[in-house]
Protein chains: 4
Amino acid sequence: MIRIGLVGAGRIARVHARTVEAHLNAELVFIADPVEDAVKPLAEKYGVRYSLNPDDVFTDPAVDAVIICSPTPLHVDHILKAAKAGKPALCEKPVAMETETVTQLMAELEGIEHTTMLGFNRRFDPTFARMHKLVDEGVVGKVEQVTIISRDPAAPPKEYIAVSGGIFKDMTIHDFDTARFFLGDITSVYVVGQNLDPELADTGDFDAAVITLTNSDGATATITNSRHCSSGYDQRLEVFGDKATLNGENMRSHQVRVSNGEYTDAKDVYLDFFLERYEEAYAIELNEFFAAIAENRKPATSIEDGAKALRIAEAAEESAHTGKIVYL
Amino acid sequence: MIRIGLVGAGRIARVHARTVEAHLNAELVFIADPVEDAVKPLAEKYGVRYSLNPDDVFTDPAVDAVIICSPTPLHVDHILKAAKAGKPALCEKPVAMETETVTQLMAELEGIEHTTMLGFNRRFDPTFARMHKLVDEGVVGKVEQVTIISRDPAAPPKEYIAVSGGIFKDMTIHDFDTARFFLGDITSVYVVGQNLDPELADTGDFDAAVITLTNSDGATATITNSRHCSSGYDQRLEVFGDKATLNGENMRSHQVRVSNGEYTDAKDVYLDFFLERYEEAYAIELNEFFAAIAENRKPATSIEDGAKALRIAEAAEESAHTGKIVYL
Amino acid sequence: MIRIGLVGAGRIARVHARTVEAHLNAELVFIADPVEDAVKPLAEKYGVRYSLNPDDVFTDPAVDAVIICSPTPLHVDHILKAAKAGKPALCEKPVAMETETVTQLMAELEGIEHTTMLGFNRRFDPTFARMHKLVDEGVVGKVEQVTIISRDPAAPPKEYIAVSGGIFKDMTIHDFDTARFFLGDITSVYVVGQNLDPELADTGDFDAAVITLTNSDGATATITNSRHCSSGYDQRLEVFGDKATLNGENMRSHQVRVSNGEYTDAKDVYLDFFLERYEEAYAIELNEFFAAIAENRKPATSIEDGAKALRIAEAAEESAHTGKIVYL
Amino acid sequence: MIRIGLVGAGRIARVHARTVEAHLNAELVFIADPVEDAVKPLAEKYGVRYSLNPDDVFTDPAVDAVIICSPTPLHVDHILKAAKAGKPALCEKPVAMETETVTQLMAELEGIEHTTMLGFNRRFDPTFARMHKLVDEGVVGKVEQVTIISRDPAAPPKEYIAVSGGIFKDMTIHDFDTARFFLGDITSVYVVGQNLDPELADTGDFDAAVITLTNSDGATATITNSRHCSSGYDQRLEVFGDKATLNGENMRSHQVRVSNGEYTDAKDVYLDFFLERYEEAYAIELNEFFAAIAENRKPATSIEDGAKALRIAEAAEESAHTGKIVYL
């Protein structure tokens, strides 16, 4: 039984708390968050101890491993504290807002034996994971063109956008990781940033983008992002190879098709947002974290993966603003 | 080049005229129909001779083969005349309204060398034909359960229903032939007739029906019929075997899917009715007719097929009215 | 917090145990089953007390409500004991093997205030529940024809079939309830029983069946059952009305479509069997049970529903053996 | 009745000949091609006159309008001759290999009253045309992101590639026109050219490409091309707007879905190549040509459309070789 300490009591922390509780090999024992109104009810719901000082999680001897759901600026500090305390850590993405910060973190971690996993949940989604497995099994042949459609159902509040780090680090970061999942290291980035929603015109951020990536084998990935989509959270992936094409489709909450005098075989709108769409992915991600601890091995996603996705995001930012291809 | 004489100038005759004209190995040369307003413009459109006396088609030396699109009560007479004239004939279904009449016809044809094909167009539909081919190739294994959904877009006028011979001979006759196409000879028939549309309550005919058929191997076919369907002409077929299941889907006039805030991946309504839905089937049916003539062999569908479908229709009528299973 | 006692430690009991444990308003406190090798590990897994005597669950003061997963012959006894003990009960279907037994049970329950829910899980399946809601909302108009395809992935062992009560009480019972869910009370039953699998020829039971039901409005339901299906657990439902048609589709474990040189857009095989296919339905069923307790009201599915489905199953048995329509 | 003269007797000429013959308002009267082995059998098949000198078509008084299917280098000359002869002309794309040549042609045509239509057949495809209509009707809202997947089933012979003008003028030219159909004038082009097929490595041409286009409203189009696709001719289009998303799907020759122990609902491979996939589009294109003649108006596609698509192709070529965005 792995005893889990949770850093943070926000939205994603609550998802992890529920999954830990439902897991047979793990139990939640401690939650820390400076916001008492958030942490107290969550701790009471699960009958566990809590603290307003996140650092307490890392020093508590009853905590075997930690899940870091603190705000992004604290990630580096919390990862280091977990590593130094000898506690395996699962940290939400992104590691940091700047590649430089992550590079420093990696330098500091050198020499410390640690198990740190980064929460790129989509790799664990049953659909995307199955596609990756089919590629590994040779079903697709050589991967030549990856097409990612990734659109949020609606734009977040402007206050969120202001501190989000921009669309590439906030939203596309997941798609960059998906591109790396199928193409390996990326060598060039070209971005057309779009400002389509007049309501968001003054945010200083793009609200949509089309991105072309290449790898050293000459394969490509195109990412089409938008901050809105009338049908919900639009998450599709196509992997085209010389032997087969794979398409990962959107999910709905049921399997009903409606036919009437206007249209036929209409499906429901997509699952609304990431907590629903990737619910199963979050649970499988935790499984991987627990399995890596149990087997004393590196987890499937690392800080390095975070660093590389962040590097692409920075290149995307540069390309979108200069109108030039950025080579990595 | 096969020179075709057309008996009849109605709706289905016009479909055949167009197909003959577009065919490289056949040409339309003669049309006969007592209704001058129908036959004259059709003959002028294709620049061919016409007559108000159908019998002229059978005696015309320039006619190599005939397509019989006369009213059902004249089919037997026209089939016989074509046979006696030594002209291959394609006759629209049904042969007649009563099994007895068809039996007499078959007796009269005995001893006359003739090529007579019956227009069970659905057997030539690319979807149903492909399903049949997959069954023949063993892909499905042993056919165990056939499910036919067959609904018209809207009920015909009451005047038509009054002389139609009833839903089983008018509409289900095609589905009975489809059942025979996949199951061979039918051994039992059970029917629940439905009267669902209040507008049709006084027609003395059912406006919907659910039919269960069996063959001598213990396989089943269920047919679900309705005189109306909000989404158009609903024509689906499932063939379930011990190795695979085949589903034949409805057709639309284009391949657009629409997703919005209410629904996703909605397709267009179905092709509206049989002339559109089975347009390709009619052309392939004619191909088979011309090929049988050229190769001097029996066509794929015979008067016997018509007789057997008609016999099932009569059994269906009996079952629906007595509430009993009828064994053939 | 509702404290749950579980009667039985078999396959379905384990499903309920897991769901109860994951539920925030319920907790598992007691399990009873005479088979120590089954009950002991399950009790230990969840850290709860256990007994080898099922009766202990009904007398235990720490148990607020019971879930009855005992063998069918014990259901009546256990339902009565729960009712007399004043403990709400969720009982797996079927209530009993004979309508007479259920009628006696209902007579004995008269005068006892009790909350008894029957586990017709499919009513709670998100797809079927959504279809029912759309019917309630008038989207479909008048329901005219219901088509149920219900096939198991593979036949159970012959030993199971021998004591199963026959295909209609064991397998079709769920489909009869689905038909009642959409059509209300059933007035006639016609069945073609099939013996298609040579391996099962000596079981004395049908291994497939096609069933036609009617209700007093003249609407129909057809059920197509088979003990095997090459693609997995085939669970589809069509509801046809005068305004719209609804189709409930099969489920897969992921949303990948594969296209290659042989076929395109191929989906995965169906979820293998009922525990996976109806996993969500079981959880929502428990929710309804807990909600009925909390709100002190009748649950959505009752013993009467069980009795009525059983009565149809008996009529089906009779029709299949006599070849006659049975009127209810 | 419009009397048609056909310049050329190759593959696409034969498609047009058949469509003209099946058309009620047009008839084929003359074919010209210097290759006697091609022109003679075609002329005999349709019973029309022929010549080995293409110029004869333009001077023949019995010819009302011409369809130009000559090799690309002759298009300009033939368009001019038709215009000067006062005969409406439908010319296959591309007008020429260089924008400059087309500009000169347009200058020469100035002052000559002429009806010249360019064969961008895809605009007439029922699927793409329907999508355009839905955009026009406001169903999609503001068009924001267009995604075009366009892959050939297999690479043409190297000899063809050598004289094809390169992938952008030969293959992508159609996709550039589709992008213009939905986005209007294009303002920037960025291309990643790919060399994935080792067999084609020495052709000096790309065998795949990913292209990003923008228009002056900030909307984008991405085009993903490949010279091969295992499942056939892959022709898909997505139009994303703020109100709805439209998806144009691939076509198959029938509507059968196969389910077995390995996969479910598998469809057939795509229609193999453009003559089959766009068969209906070619017929509708001719309809538009005949309608424009009858109504004495400009046809839906003009030489200017050809010039603009060609200009984008040249920009694409430049971008692919320089690795820079090209602004138009």
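Reader: On what basis are the copies superposed, and which residue of chain D comes closest to the rotation axis?
Author: Copies are superposed by least squares on the C-alpha atoms of residues with pLDDT of at least 70 in both, a threshold that applies here in a predicted model. Chain D can be laid on chain A by a turn of 180 degrees with a shift of 0.0 Å along the axis, at an RMSD of 0.0 Å. Of the residues of chain D, the one that comes closest to that rotation axis, with its C-alpha at 3.3 Å, is D:Lys324.

Reader: Why can one say that chain D and chain A meet through the same surface?
Author: The argument rests on the interface residues of chain D, which are also interface residues in chain A. The copies therefore meet through the same surface, and the share of the interface residues of chain D that recur in this way is 100%.

Reader: What relation links chain C to chain B?
Author: A turn of 180 degrees, with a shift of 0.0 Å along the axis, lays chain C on chain B with an RMSD of 0.1 Å. Because of that turn and shift, the relation is that of a two-fold axis.

Reader: Which residue of chain C comes closest to the rotation axis?
Author: The distance is taken at the C-alpha atom, and the closest approach by a residue of chain C is 3.4 Å. The contact residues of chain C recur in chain B to 100%, the same surface serving both copies. The residue of chain C that comes closest to the axis is C:Lys324.

Reader: Within chain A, how much area do domain 1 and domain 2 bury between them?
Author: Chain A is divided into domain 1, residues 2–114, and domain 2, residues 125–279 + 309–327. The contact takes 10 residues from domain 1 of chain A and 13 residues from domain 2 of chain A. With 60% of it on carbon and sulfur atoms, the area that these two domains bury between them is about 910 Å².

Reader: Which three residues supply more than any other three of the area that domain 1 of chain A buries against domain 2 of chain A?
Author: The leading trio accounts for 53% of the area that domain 1 of chain A buries against domain 2 of chain A. Its members are A:Lys93, A:Met97 and A:Thr99.

Reader: Which helix of chain A gives the largest share of the side of domain 1 that touches domain 2?
Author: Across this interface of chain A the rule finds three residue pairs in polar contact. On the domain 1 side, the elements that give two or more residues are helix 1 (11–22) and helix 5 (99–109). The largest share, four residues, comes from helix 1 of chain A.

Methods:
Residues are numbered from 1 along each chain as its sequence is written. Chains are lettered from A and ligands numbered from 1 in the order in which they are written. This is a predicted model: local features need pLDDT of at least 70, side-chain atom pairs count only at pLDDT 80 or more; totals for chains, interfaces and linings use all residues. Side-chain values use heavy atoms; hydrogens and water are left out. Domain bounds come from an automatic or database domain assignment. Contact means heavy atoms within 4.5 Å. Buried area is the accessible area (1.4 Å probe) that two parts lose on being put together, summed over both. A polar contact is a pair of N or O atoms within 3.5 Å; within protein, one must be able to donate a hydrogen and the other to accept it, and residues adjacent in sequence count only if both atoms are side-chain atoms.
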